[in-house]
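Please read the following report alongside the sequence and the model. The topics are a helix pair, the surroundings of the ligand, and two points of backbone geometry.

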Amino acid sequence: MRTFQIDESIIKYSFGDPIKTQAIVLEGTETNKGSLDYLEVSTGENLKLYYHMKTEDIVLGLGENQRGINKRGGIYESFCTDEPLHTPGKKALYGAHNFLLVDGSEKFGIFIDFPGRISFDIGFKHKDKLEIIMSGLDADIYIIRGEGLRAITHNFLKLIGQAYAPPKWAFGYQQSRWGYKTASDVEEIADCFIENDIPCDSIYLDIDYMQDFKDFTVNEERFPNFGEFLGKMKAKGFRLVPIIDAGVKIEKGYDIYEEGIQKGYFCKDETGEAFVAAVWPGKVHFPDFLNEEASKWFGSKYKTLIDYGIEGFWNDMNEPAIFYSEKRLGQAIEVAKQSENENLDIFAFFKLKDAFSNLSNSPADYGSFYHLMDGKKIKHDKVHNLYGYYMTKAAAEGFKEIKPKVRFLLFSRASYIGMHRYSGIWTGDNNSWWEHLLLNIKMMPSINMCGFLYSGADTGGFGGDANGQLLIRWMQLSLFTPLFRNHTAMGHRNQEPFAFEKETTSIIRDIIKLRYSLIPYIYSEYMKALHKSDVYFSTLSFEYDDEISRRVENQLLVGESLMICPIYEENAIGRYVWVPEDMLLWKHMGDSKEVFSIARKGHMYLEAELNEIPIFIKKDKMLIMGKSAKNVEALIGEELFVVAFVSDKASYTYYDDDGKSLEYQDGTYYEILMEIQKTEDDFIITVENYGNEKVKKISFQIFDNNKNITRKTFIM
Ligand code: GLC
């Protein structure tokens, strides 16, 4: 083992010859520290780490995964998996986010930089034992220290580098569905948004826009004059966001296939031939994104769609998902032939059944193809968790070549830590279940801790049918997620805001309008988190150290000023809430009706009818809003509305930038510093403007601890 001091808070322990995954951005200097802090190590066939958890220890982390925010009691895996049914027994979903945060008498972070399969037993087999088993011996282990959970996370986020920023329009509401089959389907949806006076920024194109599911093609019959159509849609106020899948269709004459074969850019099987799997188009090859040349090549192909006017993409099926491989399908058919006309007993029947039901995403297939990484041949399962990351990196680096100055919307299904520097993620194929609304709440802080700020779920649920009530309650959460997209699967009930009865549509309209008023705060908090290596969503324990806050699993902090407590149970007209300090409770009720009250520290029953959105504003904090509009571009932003809860002094730094370019990376952005100081019988407001020429007026609504309101206006 070699050890490296990365900075004053992070030590790297390097075992064997680890694969350079590009998860981190800080290199350290070698030291000669003897053994790991906190953890016991054992090596044999696999590298194993152990930690003895004390009764009070809470273990956070693992990003996009199942169960609670506190991962204790569960067994998990890091192995990017195309898992369409997120039921509690599943150990892995699409992301591999190997960061844990131990919160007890000892507080520290562990990051395991290892791209193969890892198992995390966090008090499952033995309640006090944390056991991490890697499927190999070569790994970099990082131990991260800091003064408290937020500081440890901050140190970790510095290690893995600055998160990706999408263009500002990607903070608007986005509508998706697998099943918008033609240009007129898409236009009809856009028109419904306009007719129903519901703001929206983009409409998604799922696999149906392609010609026979071939990447970088457009079906000309269903989407004639694609470029013109995009222009028309943009004039109406909508951007279109197409999907790109990892598998490239095997088809003579299809340029991507022909070039990939000719240049040897696809993953190879044991015999050195391009590996054949099957996904949507039938048989495909997988581009070898881990091969730098192949990655550049694939990244450059996005140009075809960018040239039409596309400004954002979602990368899918990049675990990579495999419906079946040629070889294993052949074996299954063989079993079927042998079974024909037989009297199948239990063993024979299950052999036949399993031969087919285990065809997809088979570990045997993942162990049967190869990459060329840094000139070395590597078996896929050793680097499996990098595949989606490297596909997405290929896209992002492609964009940089194609249009170096602008931001693109990009998010991916599969991911590994490090990919957050290039894109966001969505949480994949959830269901229209109340349980998945709760899971969405729980995942958000964990995902943020692992670097992915731009994230969100398929609002309303992907699989299954949502009723209006579920969609409303889910929207009341997604209202705060940077990626706010409603997506559903083919074959299920329509899930657009106007697909329900009038009353539901009207409540949803109000939620989406509220989202647009909140964009000044959401964008400001997102970009500040990115610049400061901080999170956007966090658990209450990041701010409050009382025992109840440490254990709350269904309330979140959003940025520096807000706490949200979404309703996630059917037919509920309220819920219990833990208020960790006095807060201002704003109940937004639509029709411009708003009710404010002071929520006192302690437990409370929060009433919230279906049309009511409760938002808690923390003590000595401010919420910044603007006027709503039909899309992000139409947000004028001349007037800001501030709701503040001030018992002593509140300050807020309002961040903004051009929302389009990458200049924020060089420090080109604007800040308005606001301060509200309580005096004996008044509030003194100071405002300092650093470069924001848009804002002309700020209207303050200030509440004191007795709910007295003071209104003031500041003209710039
Ligand atoms: C996958 C994606 C889903 C998409 C579907 C069809 O299941 O996760 O979002 O709609 O493929 O492309």
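Are α7 and α8 roughly parallel or roughly antiparallel to each other? In this predicted model, helix α7, which spans residues 326–339, packs against helix α8, which spans residues 346–357, at an angle of about 155 degrees, and their axes are 9 Å apart. Since angles over 145 degrees count as roughly antiparallel, α7 and α8 are therefore roughly antiparallel to each other. The handedness of the crossing between α7 and α8 is left-handed.

Turning to the ligand, the residues that surround it include the aromatic side chains Trp178, Trp280, Trp314, Trp426 and Phe462, together with Ile207, Ile243 and His487. Asp206, Asp316, Arg413 and Asp429 also belong to this surrounding set. Sorted by class, the shell around the ligand consists of 7 nonpolar, 1 polar and 4 charged residues. For three of the aspartates, the table gives the distance from an oxygen atom of the ligand to an N or O atom in the side chain.

| Residue | Distance to a ligand oxygen atom |
|---|---|
| Asp206 | 2.5 Å |
| Asp316 | 3.1 Å |
| Asp429 | 2.5 Å |

Beyond these contacts, the protein covers 98% of the 310 Å² of accessible area that the ligand has on its own.

Two loops deserve a separate look for their backbone geometry. In the loop between β21 (312–316) and β22 (324–325) sits Pro320, and the peptide bond that joins Glu319 to Pro320 is cis, with omega at about -5 degrees. The other loop, between β15 (202–205) and α3 (226–236), contains Phe213, whose phi is positive, at about 60 degrees, although Phe213 is not a glycine.

Technical notes: Residues are numbered from 1 along each chain as its sequence is written. This is a predicted model: local features need pLDDT of at least 70, side-chain atom pairs count only at pLDDT 80 or more; totals for chains, interfaces and linings use all residues. Side-chain values use heavy atoms; hydrogens and water are left out. A residue is near a molecule or strand if one of its heavy atoms lies within 4 Å of it. A polar contact is a pair of N or O atoms within 3.5 Å; within protein, one must be able to donate a hydrogen and the other to accept it, and residues adjacent in sequence count only if both atoms are side-chain atoms. Accessible areas come from the Shrake-Rupley method with a 1.4 Å probe; for residues, only the protein chains shown count as cover. Ala, Val, Leu, Ile, Met, Phe, Trp, Tyr, Cys and Pro count as nonpolar, Asp, Glu, Lys and Arg as charged, and the others, Gly among them, as polar. Axes are lines fitted to C-alpha atoms, for helices over the stretch in contact, and angles run from 0 to 180 degrees between N-to-C directions. Helices (H or I, at least four residues) and strands (E, at least two) are DSSP runs, numbered from the N terminus. Angles under 35 degrees count as roughly parallel, over 145 as roughly antiparallel, 65 to 115 as roughly perpendicular and the rest as oblique. A crossing is left-handed if the near helix is turned anticlockwise from the far one by less than a right angle, and right-handed if clockwise.
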